[in-house]
Amino acid sequence: MDTDQTAPLDSGQNLAEIPIRQPPLKRQLAQDELLELKPVIQRLYIDGGMTFEQVASHLTKKYNYCPTKRQFATLRRRWGMKKNTRIADRQRILDRLNTEKDISEEGLVGTVSLNIDKVRRWRKQLSAANSASQERHSHEGEDTTALPTALSQTTIITNSRTLRHLASNPKIPMRPSSPRTFQITERLLFNVESYMTGFIDNRIWHPPDNAFQDTRTQSLELSNSEDLHAFVGKCYSAKKLIDNQSFVEGRKLFSAACSLFRRIIDSRDPLTLRYTFYTLVILTRGGIVVLDEVIDMLRVYMGRMAALVLPANHPWKTIYHCLGILDRAQLEETLISCMECLSVVLGKKLGHLSRPSLTMRVEFIQARYNKNLEGGETSLRALLAECRQSAVAQKDLVQVLGELGINLKLQGRHLDTISIGEEIIALGRASGESIDLVNGLTMTAFAQYSIGDIAAAELNQREAAELCLSTPNLASFTTHLLATLESWLRDSGRAMDADALKIEINGMVAREGEDGEAADIEG
């Protein structure tokens, strides 16, 4: 008798002896076997437009493999297979087709299957959407030239030309069709521009005092930048300690910097944005894994603190949230675009040689031309000539000289750097401005060290450190200057002097770190 047929139950037969028919087990595939099925699934699901059920049935019949819906979704995510392409991805693909000649309209771009009909359909749909958007804004009397195609909120702009256009054109629509259609970088720039424009429009700037008077309360708002200077100084010092492999001390100083950030956010000083953008630009150029991790934690901390302290509709809330979630690859370019946006707005509202505008311009030039130092030098020398001709205040002149000296230092032109540094020192001694004197001394010291004059470099660096220690706004930079001197001494073979200085630095860090224990960014 065929054992596969069900026999009648014999009343005397033991139930345990009756054969039980087991359902066939689903076949499990190894990773290499799954990879062999990838082109098959691509052809059926993406190119052929089959449903999951049809693909599963085909795989079961031909390959004895029947994936569940969850398994199939996992494979698609792993391989990046997308049947329905988002609007953001469509725009990106069309941009690539327009600019890269080696990509044909037949084949794959990334993991998206293309054909000519699909490309034509996408272009037609996006063109219609753009026309409708422009028509809607034109009826409202708004300028749409600075607003790119509305894409997904969580998509990051990858076109640097678009970023520069947004930053240099402050005529961004003040009533967009929907804030949720903004990309992260777009939302960030929109809030930076609208905040700074609104801030200046509601206040009168007083150049002699470098202050703003509120037009509603008539109260004079002097910039209280002590916490801001301390925050920047601790961040710079922490970066230098990490560069010197002092990772624990570096993290302590970052934590101490975070302890100041709540007060900084709560004061709502407009200079906060300038300090934030420039500091993060400098930190992102460290190139050290430990530093990258700390910077990411610092960005997230800023966003959370802004969400905790600021009212719901304050633009800073969105600005710091966007800074926290920006992709690392886009961070530096976006920060530079924010600096350019601030520079343009300040120049239009206060005059391009006003102190706030001049400060942002020189910092933007330094950040933008980081990889084109000769171009940066040309821009700075033109600005310096304009400042001398217009007889700007000494403090403003020193700002431009300082950035020019940094540029020359990065080019390796140390004798020219010493010449600029000595001019700044002379101006600082004549005016009694400690910050100008410190900048001139440190600039000259670095150039002297670079040409081998370690004795003169040490003398100038120690004088600068003593000045910082005795000046409240500059005290937090002392650790940075001493850490730099420590590395010079160690590189020049004076290990004992370097070790003694390191003990002094660690004591200073321990005292500063106690203030930041409550704001440990690793928590």
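What follows is a walk through the structure, from its overall make-up to its cores, two of its helices and its salt bridges.

The model is a predicted one. The protein contains 21 helices and five strands. It has 523 residues, and 46% of them count as buried. About 26,800 Å² of the protein is exposed, with carbon and sulfur atoms supplying 52% of that area. Contacts reach far along the chain. Among those between residues at least 6 apart in sequence, 64% join residues at least 24 apart.

Start with the interior. The largest nonpolar core has 102 residues. Within this core, F231, F254, F261, F277, Y320 and L323 touch the most other members. Helix α13, residues 328-350, gives the most to this core, with 10 residues. A second core stands separate from that one. This second core has 17 residues, including L44, I46, F52 and F72.

Now turn to helix α16. Its 18 residues should span 26 Å at 1.5 Å a residue, and its end C-alpha atoms are 26 Å apart, so expectation and model agree. Many of its residues are listed as buried, among them L397, V398, V400, L401, L404 and L408. The buried list also holds D396, E403 and N407, along with G402 and G405. What covers these residues? The cover includes α10 (271-284), α14 (355-368), α15, α17 and α18. Just after α16 comes G412, with a positive phi of about 85°.

Helix α18 is one of the elements that cover α16, and it can be read in the same order. This helix runs over residues 434-450. Its 17 residues should span 24 Å at 1.5 Å a residue; the end C-alpha atoms are 24 Å apart, which agrees. Buried residues of α18 include L437, V438, L441, M443, A445 and A447. D436, T442, T444 and Q448 are buried in α18 too, as is G440. The cover over the buried residues of α18 includes α16 (394-411), α17 (414-431), α19 and α20. After α18 comes G452, whose phi is positive, near 95°.

Next, the charged pairs. Side chains of opposite charge can pair when their charged atoms come close. The structure holds 19 salt bridges. Three of them are worked through here.

Take K69 and E53 to begin with. Their side chains meet in a salt bridge, at 3.8 Å from N to O. K69 lies in helix α3 (residues 69-79) and E53 in helix α2 (residues 52-63), so the bridge ties together parts that are 16 residues apart in sequence. K69 is exposed, with a relative accessible area of 55%. E53 counts as partly exposed, at 47% relative accessibility.

R381 and E377 form another pair, with a distance of 2.9 Å from N to O. This bridge sits inside one helix. The two residues are four apart in helix α15 (residues 373-390), which means they are separated by about one helical turn. An α-helix has 3.6 residues a turn, so residues three or four places apart point the same way. Are the partners buried or exposed? R381 counts as partly exposed at 38% relative accessibility. E377 is buried at 11%, because that value falls under the 20% cut-off. The pair also belongs to a wider group: E377, R381, R413 and D416 are linked in a network of salt bridges.

The third pair is E458 and R494, which meet at 3.0 Å from N to O. E458 lies in helix α19 (residues 454-469), while R494 lies in the loop between α20 (478-491) and α21, so this bridge ties together parts that are 36 residues apart in sequence. E458 is buried, with a relative accessible area of 14%. R494 is partly exposed, at 28% relative accessibility.

Finish with helix α21, which spans residues 495-513 and holds N506. N506 counts as partly exposed, with 26% relative accessibility. Where does T479 lie relative to N506? The two residues are 27 apart in sequence, and their C-alpha atoms are 9.0 Å apart in space.

Conventions:
Residues numbered from 1 in each chain as written. Predicted model: local features only at pLDDT ≥ 70, side-chain atom pairs only at ≥ 80, totals over all residues. Heavy atoms only, no water. Buried < 20%, exposed > 50% of the residue type's maximum accessible area, 1.4 Å probe, protein only. Salt bridge = Lys/Arg side-chain N within 4 Å of Asp/Glu carboxyl O. Contact = heavy atoms within 4.5 Å. Areas by Shrake-Rupley, 256 points an atom, 1.4 Å probe, with all protein chains shown as cover. Core = buried A, V, L, I, M, F, W, Y, C linked by side-chain atoms within 4.5 Å. Expected span 1.5 Å × (residues − 1).
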